Amino acid sequence: MRKGIMRPGHVQIRVLDLAEAVSHYSELLGLIEVGRDAQGRVYLKGWTEVDKFSVVLRQADTAGMDFMGFKVLNNAVLEQLEGELIAYGCEVEHIPADELFGCGRRIRFQAPTGHYFELYADKQKTGKWGISNINPEAWPRNLKGMKATRFDHCLLYGPNIEQTHMLFRDVLGFELAEQVVDPENQKVGIFMTVGMKSHDVAFIDCPEPNKFHHASFFLDSWEAVLRAGDLISMTDTPIDIGPTRHGLTHGQTIYFFDPSGNRNEVFCGGDYHYPDHQPVIWKVEDLGKAIFYHDRVLNERFLTVLT
């Protein structure tokens, strides 16, 4: 049962060189820088996103993800979910308003996979970038790079997949859209959604907790994904794989790395999910086709390079 979480709202990514990272995410991905704070963090957004920001870059000694945030309908929902998280046994940390630039108060908790998540109800609304909310044009004329439209989801690696599934299902109201199961029918991968998308967050079983596989950004078309591949080569950006298609979710995709080694994805298309849909099942022995539908073979880098 859905409980008032609307969508992924932001991700804070650790980078080793802030200037290089800002260039990558703004000039290549095409996100728009919207501000910097006293801690030195840089805030960016996709041009279609109506809230102040969706990506936060923080310089650190190690790459990876600090946390991922989800926006809820209102403060009443936030308070209700906070109580349910505490009753479920989660420790909840309170983070005051404006600790993130233009964001209201947040509550943070740790999933059984070791990753940190937060919920919030308020964030400054700035509207879509470069176009009016009245009689809007089709797109802004001065977009850069891949012209990413929005931050879409994260794929995360860690242990305790079944416990994480129960937390996100029973407490947070996510639905299981697709899953990967082993021969004993145990979950080794879960793709969970709070809306019609094929997934808003996904987890793959891994013995090491709190590992970051990728942050994903949505593009308008397959042609845009192919153009992203051209830009990756034109800028000598390290590429993982693609352009290709997933079996899981059926999105058309390409993977590459930021200068700190964090993996990015840009994609288009993909399946949709309604509450009456049964979860799609992929067998682990067919994982190659599930991840890379055309090649049907997993490359070692995709499975092992994590931050």
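Which residues is Val180 in contact with, leaving aside its neighbours within four places in sequence? In this predicted model, the answer is Gln186, Lys187, Val188, Gly189, Leu248, Trp282, Lys283, Val284 and Leu287. Val180 belongs to strand 10, which covers residues 175–181. Its relative accessible area is 2%, so Val180 counts as buried. Met192, by comparison, stands 12 residues from Val180 in sequence, and their C-alpha atoms are 12 Å apart in space.

Let me turn to the nonpolar cores. In general, nonpolar side chains tend to be buried together in soluble globular proteins. Here, the largest nonpolar core has 60 residues. The residues with the most contacts inside this core are Leu57, Leu85, Phe117, Leu119, Met146, Phe168 and Val201. Helix 1 gives the most to the core, with 5 residues. As an illustration, consider Leu119: with residues up to four places away in sequence left out, Leu119 touches Ile5, Phe70, Val72, Leu78, Leu81, Leu85, Arg105, Arg106, Ile107, Phe109 and Leu172. There is also a second, separate core, which has 18 residues and includes Val188, Cys206, Ile241 and Phe292. Val188 has already appeared in this talk, as one of the contacts of Val180.

I move next to the charged side chains. How many salt bridges does the count come to? The count is 22. I shall describe three of these pairs and one network.

In the first pair, the side chains of Glu27 and Lys144 meet in a salt bridge, at 3.0 Å from N to O. Glu27 sits in helix 1, residues 18–28, whereas Lys144 sits in the loop between strand 8 (116–120) and strand 9 (150–158), so the pair ties together parts that are 117 residues apart in sequence. Are these two residues buried or exposed? Neither word applies: Glu27 has 42% relative accessibility and therefore counts as partly exposed, and Lys144, at 42%, is likewise partly exposed.

In the second pair, Asp51 forms a salt bridge with Lys71, with 3.0 Å between the closest N and O atoms. Asp51 is in the loop between strand 3 (42–45) and strand 4 (55–59), and Lys71 is in strand 5 (residues 64–72), so this salt bridge ties together parts that are 20 residues apart in sequence. Both Asp51 and Lys71 are buried.

The third pair is Arg263 and Asp240, whose closest N and O atoms are 2.7 Å apart in a salt bridge. Arg263 lies in strand 16 (residues 263–269) and Asp240 in strand 14 (residues 239–245); the two are 23 residues apart, and the pair links distant parts of the chain. Arg263 and Asp240 are both buried. As for the network, salt bridges that share partners join Asp37, Arg41, Glu99, Arg106, Arg108 and Glu118. Arg106 is also among the residues that Leu119 touches.

The strand arrangement deserves attention as well, and I take strand 13 as the reference. All 8 of the 8 residues of strand 13 (residues 211–218) are buried, so the strand is largely enclosed by the rest of the structure. Which way does strand 9 pair with strand 13, parallel or antiparallel? The pairing is antiparallel and extends over 7 bridges. Within it, Cys154 has Ala215 of strand 13 as its bridge partner. Strand 13 and strand 16, by contrast, run parallel and are joined by 4 bridges. There, Ser216 has Glu265 of strand 16 as its bridge partner. Strand 16 is also where Arg263 of the third salt bridge is located.

Several backbone details follow. The peptide bond from Gly242 to Pro243 is cis, with omega near 0 degrees, and Pro243 is found in strand 14. Asn160 has a positive phi, near 60 degrees, although it is not a glycine. Asn160 lies in the loop between strand 9 and helix 3 (161–171), and its relative accessible area of 33% makes it partly exposed. Asn210 likewise has a positive phi near 60 degrees. Asn210 is in the loop between strand 12 (201–205) and strand 13, and is partly exposed at 29% relative accessibility.

Finally, the surface. Met196, Tyr272 and Tyr274 make a nonpolar surface patch of about 340 Å². Tyr272 is in the loop between strand 16 and strand 17 (280–283). With a relative accessible area of 54%, Tyr272 is exposed, whereas Val180, where this talk began, is buried at 2%.

Technical notes. Residues numbered from 1 in each chain as written. Predicted model: local features only at pLDDT ≥ 70, side-chain atom pairs only at ≥ 80, totals over all residues. Heavy atoms only, no water. Buried < 20%, exposed > 50% of the residue type's maximum accessible area, 1.4 Å probe, protein only. Contact = heavy atoms within 4.5 Å. Salt bridge = Lys/Arg side-chain N within 4 Å of Asp/Glu carboxyl O. Core = buried A, V, L, I, M, F, W, Y, C linked by side-chain atoms within 4.5 Å. Patch = residues over 30% accessible without salt bridge, like charges linked within 9 Å, V, L, I, M, F, W, Y side chains within 5 Å. Areas by Shrake-Rupley, 256 points an atom, 1.4 Å probe, with all protein chains shown as cover. Pairing = 2+ DSSP bridges.
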